[in-house]
Amino acid sequence: MQRHAATALILTACLTQDSGEADWVPVNVVPSGYSELEIDRGVGEPTLVIRSDEELNYVVEMDIGPFKGVSVGEARFRSWLENSADSEIGHIETTFSGDYAGYKLDHQLHTRHLSSEDIALESFDTQRGSESRRRELSVLKRDGVWTAEYRYDGHCSGCEDESHFVKAFLGLGKPAHCKKCKEGKHRVWREPRVRTAPANTLDFLSSIYLIRTLILTESEGLETPLLDKDRLWNLSLTAGEEKDVSVPSGKYACRRIFIGAERPESEPEGGKFSGLFGMKGSMKFWVHETTGVLVQIAGELPLGPFDLGVRIRLKEAKNAPAGLRPLDD
Ligand SMILES: [Zn+2]
Ligand SMILES: [Zn+2]
């Protein structure tokens, strides 16, 4: 495990992918007891642990002028396990529903980690509300090579479905396909984009659960390859200062986690890293100091035309790790 100064925000060292790991296959997914699934991510790589039937509920708040802590929505993080005949599957899901100044957002991220020899993960990103958008990402083996497949949807301008047609301007000429709209039913999948990626690549949602490994192993920092759409990053998670953080479910002893995204040398320049639900800039993550459970995130959340400074704060924890207790409990 590499160690980093606790204050390092972004790693300056750029890692190159170790081609020696290309042969590693993520078949070693071992259920450790009945309550969690340990995803072995290769030699020397931090393990990802997915717990059975865990549910964490959060309030989403912002300050509007003199009004502090105005609720603008709710968020939920859930994990569960599924056994099929030939595969163990660990699921992680988060949903966010928000509403601000007439703009509605229902956003769901769902990731499946599979013990299959050919598929490592599948993740689904679905946005509904005032706008619709879908994205899917898979890390799988194709012709013996670990590959990422990314696809997204877009407006179906020019399709032949006449129900999508609108009347011509001033009624002159024939009805034609609408040029642009926000209706989900007018969206079609674009051609997938395919690239190589390390077998242990994560999506951002999974990396939030990897923070627990950082805390449980008492390390100061760890790294993972991460895909944001079809762009590869080296993500670093670094433990920072300690603080007691008060949220609706109580006051918790917390540790700050710094998240840094470094572009690998092999990636083309440009492109911005976007965090959970498209959060921008620096997200402030506070996790419980002994379990690594997420207690609060603060950051800028885009809600359609608005960029809102929000706080996502723990309200309720069901089947969370036993050590998660408020200070005054
Ligand atoms: Zn159409
Ligand atoms: Zn349309």
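Guide: Two strands count as paired when DSSP finds at least two bridges between them. Keep that in mind while looking at F124, which stands opposite E136 in strand 9. The model in front of you is predicted.

Visitor: How many bridges pair strand 8 with strand 9, and in which sense?

Guide: Strand 8 covers residues 119-129 and strand 9 covers residues 133-142; they pair in the antiparallel sense over 8 bridges. To follow the pairing, move from one bridge to another. Besides F124 and E136, T126 has R134 in strand 9 as its bridge partner.

Visitor: How many residues lie between strand 8 and strand 9?

Guide: There are 3 residues between strand 8 and strand 9, and the two strands form a hairpin. Now look at the strands on either side in the sequence. Strand 7 (residues 103-114) runs antiparallel to strand 8, and 9 bridges join them. One place to check this is R112, whose bridge partner in strand 8 is E122. Strand 7 and strand 8 also form a hairpin, with 4 residues between them.

Visitor: What does strand 9 do with strand 10?

Guide: Strand 9 pairs with strand 10 (residues 145-155) in the antiparallel sense over 8 bridges. R142 has V145 in strand 10 as its bridge partner. These strands form a hairpin with 2 residues between them. In the turn, D143 has a positive phi of about 50°.

Visitor: Why is a positive phi worth noting in a residue other than glycine?

Guide: Because most residues other than glycine have a negative phi. D53 is a case here: its phi is near 50°, a positive value, and D53 is not a glycine. D53 is found in the loop between strand 3 (48-51) and strand 4 (54-64). A101 is also not a glycine, and has a positive phi of about 50°. Its place is the loop between strand 6 (87-100) and strand 7. E218, just after helix 1, takes a positive phi of about 55°.

Visitor: Are D53 and A101 buried or exposed?

Guide: Count the other C-beta atoms within 10 Å; a residue with 12 or fewer is exposed. D53 has 11, so D53 is exposed. A101 has 10, so A101 is exposed as well.

Visitor: Where is S71, and which residues is S71 in contact with?

Guide: S71 is in strand 5 (residues 67-84). Leaving aside neighbours within four places in sequence, S71 is in contact with V59, V60 and E61. S71 has 11 other C-beta atoms within 10 Å, so S71 is exposed. For a pair separated in sequence, take S71 and G98: they are 27 residues apart in sequence and 8.9 Å apart in space, C-alpha to C-alpha.

Visitor: How many helices and strands does the protein chain have?

Guide: The protein chain has 1 helix and 20 strands. Helix 1 spans residues 204-216, and 10 of its 13 residues are buried, so helix 1 is largely enclosed by the rest of the structure. Its buried residues include F204, I208, Y209, I211 and R212.

Visitor: Which residues touch the most other members of the largest nonpolar core?

Guide: That core has 63 residues, and those with the most other members touching them are I211, L237, I257, V287, L294 and V295. I211 belongs to the buried residues of helix 1. Take L294 as a second example. Apart from neighbours within four places in sequence, L294 is in contact with L56, F77, I208, F285 and V287.

Visitor: What can be said of the protein chain as a whole?

Guide: Of its 329 residues, 33% count as buried. Contacts can also be sorted by distance along the sequence. Among those between residues at least 6 apart, 57% join residues at least 24 apart.

Visitor: What pLDDT does the protein chain average?

Guide: The average pLDDT, which is the predictor's confidence, is 86, and 89% of the residues score at least 70. Over residues 1-33 the pLDDT is below 50; beyond near neighbours in sequence, this stretch has 59 contacts in the model.

Conventions:
Residues are numbered from 1 along each chain as its sequence is written. Chains are lettered from A and ligands numbered from 1 in the order in which they are written. This is a predicted model: local features need pLDDT of at least 70, side-chain atom pairs count only at pLDDT 80 or more; totals for chains, interfaces and linings use all residues. A residue is buried if 20 or more other C-beta atoms lie within 10 Å of its own, exposed if 12 or fewer, and partly exposed in between; C-beta atoms are placed from the backbone. A nonpolar core is a set of buried Ala, Val, Leu, Ile, Met, Phe, Trp, Tyr and Cys residues joined through C-beta atoms within 7 Å. Two residues are in contact if their C-beta atoms, placed from the backbone, lie within 7 Å. pLDDT is the predictor's confidence in each residue, from 0 to 100.
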